[in-house]
Amino acid sequence: MAAPRTGLRLGNAAPAFEAETTQGHLSFPKDVQNSWVILFSHPADFTPVCTTELGEVAKLQPEFAKRGVKTIGLSCNELKSHAEWIADINELSNVNLQFPIIADPTREVAHLYDMLDALDITNVDAKGIPFTVRSVFIIDPKGIIRTTLTYPASTGRQFDEILRIIDSLQLGDANRITTPANWTPGSKVIVHPSVSTEEAHTIFKNGVEVAKPYLRFTTL
C-alpha cells in the first residue's frame, strides 16, 4: 500500500495513480489530460447518503460536460459491489450512471489523497479499517489541485456549490477577476487586485464601479 500523502495543498500537482474503475482501467492523470476533473470519495457502497450523491452527480452530467469537467467517484469496495450498487442508484434516482467509480478496497488512492476518516469511529469496515470521508478535489486541465472540500460522512455534498466553484475558477482563469461572497454566474465580479483602476477601465467594457480603491466591481 502506498504511504499516506498528507497535506495536499491548492497549487500542488494531483498525485498520479493507477486504478480499476467501473469504466475500466484508469491511469491518472494521463487519461484525463486537458480536462477539468472532480475526484470525490464515498465511504462505502450501499450507504444512504452516498446513494443520493451519486444519483445527483449522474443527473448533473450535462452541466459538468458543458464546463468540460470529468467526474470520478471513489469508494472502498470491489468492482462487483460497485456494479450492483449502481443498479440501485439508477433505479432510485432514475438515471443511467456512466462516469467511473474507482474500486479502492486497499485504500491505496484514499491514502494517497488523505481521504480516510479519523473522526467517525463508526465509519469503518468489518475489519475496523476506516472508510473515506466525503472528499472533493477539483483539478484543472494542467493537473493542478484548485479546490479541496471535506465533508463528514454524515453530511451530503451540495453539488450546486461545486458547480459554482468551477464557474468561478474558469471565469477567473479567463479574465482578470475574482468573485465575491454569494456570487452566482452573471452577477457582479471583482476586479483582480493586480489590475489598477485605470487599467480596469480599459479592460472591462461594461464599466467599473469603484466602492473602495481596493474593491472594484464590474460585469462580464
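Two strands count as paired if DSSP finds at least two bridges between them. With that in hand, the predicted model can be read from strand β6 outwards. β6 and β7 form a hairpin with five residues between them, and Gly143 in the turn has a positive phi of about 80°. Six bridges hold this antiparallel pair together, with β7 covering residues 145-151. One of the matched positions is Val136, whose bridge partner in β7 is Leu149.

On to the other pairing of β6 considered here. Strand β3 (residues 36-42) pairs with β6 over four bridges, again in the antiparallel sense. Here Leu39 has Phe137 of β6 as its bridge partner. How many of the six residues of strand β6 are buried? Six of the six in this strand (residues 134-139) are, so β6 is largely enclosed by the rest of the structure. In a regular strand the side chains alternate between the two faces of the sheet. Both faces of β6 are covered: Arg134, Val136 and Ile138 are buried on one side, and Ser135, Phe137 and Ile139 are buried on the other.

Further along the chain there is an open sheet of four strands, in the order β8-β9-β11-β10, with antiparallel pairing. The edges go to β8 (177-178) and β10 (209-212); each has a single partner strand, so one side of each is left without a neighbour in the sheet. Inside that order, β9 (residues 189-191) and β11 (residues 215-218) pair over two bridges, running antiparallel. Across this pair, Ile190 sits opposite Phe217 in β11.

Now for the charged side chains. Side chains of opposite charge can pair when their charged atoms come close. A search of the whole structure turns up eleven salt bridges. One of them joins Arg146 to Asp140, at 3.2 Å from N to O. Asp140 is buried, because its relative accessible area of 8% falls under the 20% cut-off, whereas Arg146 is partly exposed at 22%. Elsewhere, salt bridges that share partners link Glu63, Lys66, Arg67 and Asp167 into one network.

Within this network, Glu63 bridges to Lys66, with the closest N and O atoms 3.3 Å apart. Both residues belong to helix α2 (residues 61-66), where they are three residues apart, about one turn of the helix. Glu63 also meets Arg67 in a salt bridge, at 2.9 Å from N to O. Which of these side chains are buried and which exposed? Lys66 is exposed, with a relative accessible area of 63%, while Glu63 is partly exposed at 27%. Arg67, at 17%, counts as buried because that value is under 20%.

Zooming out, the secondary structure of the protein chain amounts to six helices and eleven strands. Its C-alpha atoms fill a box of roughly 65 × 40 × 35 Å along the principal axes. Of the 220 residues in the chain, 45% are buried. Contacts between residues at least 6 apart in sequence are made up, to 63%, of pairs at least 24 apart. The chain exposes about 11300 Å², with carbon and sulfur atoms supplying 54% of that area. As for charge, there are 20 positive and 25 negative charges, and their mean positions lie 9 Å apart.

Note on methods:
Residues numbered from 1 in each chain as written. Predicted model: local features only at pLDDT ≥ 70, side-chain atom pairs only at ≥ 80, totals over all residues. Heavy atoms only, no water. Buried < 20%, exposed > 50% of the residue type's maximum accessible area, 1.4 Å probe, protein only. Contact = heavy atoms within 4.5 Å. Areas by Shrake-Rupley, 256 points an atom, 1.4 Å probe, with all protein chains shown as cover. Lys, Arg positive; Asp, Glu negative; His and termini not counted. Charge placed at Lys NZ, Arg CZ, Asp CG, Glu CD. Salt bridge = Lys/Arg side-chain N within 4 Å of Asp/Glu carboxyl O.
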